[in-house]
Amino acid sequence: MSIWTTRGRLKNVAFTGSPEQLKTLTACRKGESDLVHRDGGWYLYATCEVPDVPVTEPEGFLGVDLGIANIATTSDGTRHSGKSLNAVRHRNRELRRRLQAKQTKSARRLLKKRRRKEARFAADTNHTIAKQIVTEAERTGQGVALENLQGIRDRVRLRKPQRVTLHSWSFHQLGSFIAYKARRAGIALIHVDPAHTSRQCSACGHTERANRPDQETFLCTSCGFAEHADVNAARNIAARGVAGWAVSHAA
Ligand SMILES: [Zn+2]
């Protein structure tokens, strides 16, 4: 690339990226790019216009349940653990508490750096999960069914309000990563009403709070169906995706 500087034009400046990024850049680059200095590194933000891929008619839906212990669980039983992300967040929370008490300039700088690093780690995790989900949907010919996120605040019943904000922000990010990766692969995407997905039996439809004896377990009091609670919820989301798609594409 070449850049204009206060001392004239710098030509043939080397840059790199992942093979996928370089491919997109060659095929779809549009307009100018921005050079950004962030945390001691130089980044090139290039605008690309990627043409829409026609949506393939799905054979069923892969339901995705979002949570904290498991960031995402799919209706085929895959659980994407939030363990390492939660550990990083916990460590940083402790560190933040100690640094905030200090009130020095260097403490503030370190805080800022930590915050950015945590955000990058969360984004990397979300990208990886989104990619695995979309790849699995593509491999099996399914669409992807996600929860409508308006209700997420009620679902994440936590005592500390800042955690609710943090998690709902992260859920929105994961949802948007899945959406854009699905769009680029021509995979059907649908958002469903998440009400009672955790209490409803995905085998017989019986809905009751008592179906959920503890955080991890789903056990239907009516038909006896047993499954990991998050997998059961994801199966409900998948079923609602199928129903929703049929309604919106009936015409
Ligand atoms: Zn049941």
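## A salt bridge between two helices

Glutamate 118 and arginine 89 form a salt bridge, with their closest N and O atoms 3.7 Å apart. Glutamate 118 sits in helix α3 and arginine 89 in helix α2 (residues 83-102), so this pair ties together parts that are 29 residues apart in sequence. A word on the source before going further: this is a predicted model.

How accessible are the two partners? Glutamate 118 has 9% relative accessibility and so counts as buried, and arginine 89 is buried too, with a relative accessible area of 5%. The pair also belongs to a wider arrangement: salt bridges that share partners join Arg89, Arg96 and Glu118 into one network.

## Helix α3 and its other partners

Let's look at α3 itself, which covers residues 105-140. At 1.5 Å a residue, its 36 residues should span 52 Å, and the end C-alpha atoms are 53 Å apart, which agrees. Its buried residues include Leu111, Glu118, Asn126, Ile129 and Val134. Just after α3, glycine 141 takes a positive phi of about 75°.

The structure holds 6 salt bridges. In one of them, the side chains of glutamate 20 and lysine 131 meet at 3.4 Å, N to O. Glutamate 20 lies in helix α1 (residues 19-28) and lysine 131 in helix α3, so the pair ties together parts 111 residues apart in sequence. Lysine 131 counts as partly exposed, because its relative accessibility is 44%.

Another salt bridge stays inside α3: the side chains of arginine 139 and glutamate 136 meet at 3.0 Å, N to O. These two are 3 residues apart in the helix, which means that about one helical turn separates them. Arginine 139 counts as exposed at 63% relative accessibility, whereas glutamate 136, at 21%, counts as partly exposed.

## The zinc site

Which residues coordinate the zinc ion? The SG atoms of Cys201, Cys204, Cys220 and Cys223 do, at 2.3 Å. The 4 donor atoms subtend angles of 106 to 113°, so the arrangement is tetrahedral. Along the sequence, the donor residues follow the spacing C-x2-C-x15-C-x2-C.

Cysteine 204 is in the loop between β9 (189-192) and β10 (217-219), while cysteine 220 is in the loop between β10 and β11 (226-228); this pair, 16 residues apart, links distant parts of the chain. With 40% relative accessibility, cysteine 204 counts as partly exposed, but cysteine 220, at 4%, counts as buried.

## A nonpolar patch

On the surface, Phe15, Leu22, Leu35, Trp42 and Leu44 make a nonpolar patch of about 480 Å². Leucine 44 belongs to strand β4 (residues 41-48) and is partly exposed, with a relative accessible area of 34%.

Note on methods: Residues numbered from 1 in each chain as written. Predicted model: local features only at pLDDT ≥ 70, side-chain atom pairs only at ≥ 80, totals over all residues. Heavy atoms only, no water. Donors = N, O, S within 2.8 Å, 3.2 Å for Na, K, Ca; no water. Tetrahedral: all angles 85-135°; square planar, octahedral: opposite > 155°, others 65-115°. Helix = DSSP H or I, 4+ residues; strand = E, 2+ residues; numbered from the N terminus. Buried < 20%, exposed > 50% of the residue type's maximum accessible area, 1.4 Å probe, protein only. Patch = residues over 30% accessible without salt bridge, like charges linked within 9 Å, V, L, I, M, F, W, Y side chains within 5 Å. Areas by Shrake-Rupley, 256 points an atom, 1.4 Å probe, with all protein chains shown as cover. Salt bridge = Lys/Arg side-chain N within 4 Å of Asp/Glu carboxyl O. Expected span 1.5 Å × (residues − 1).
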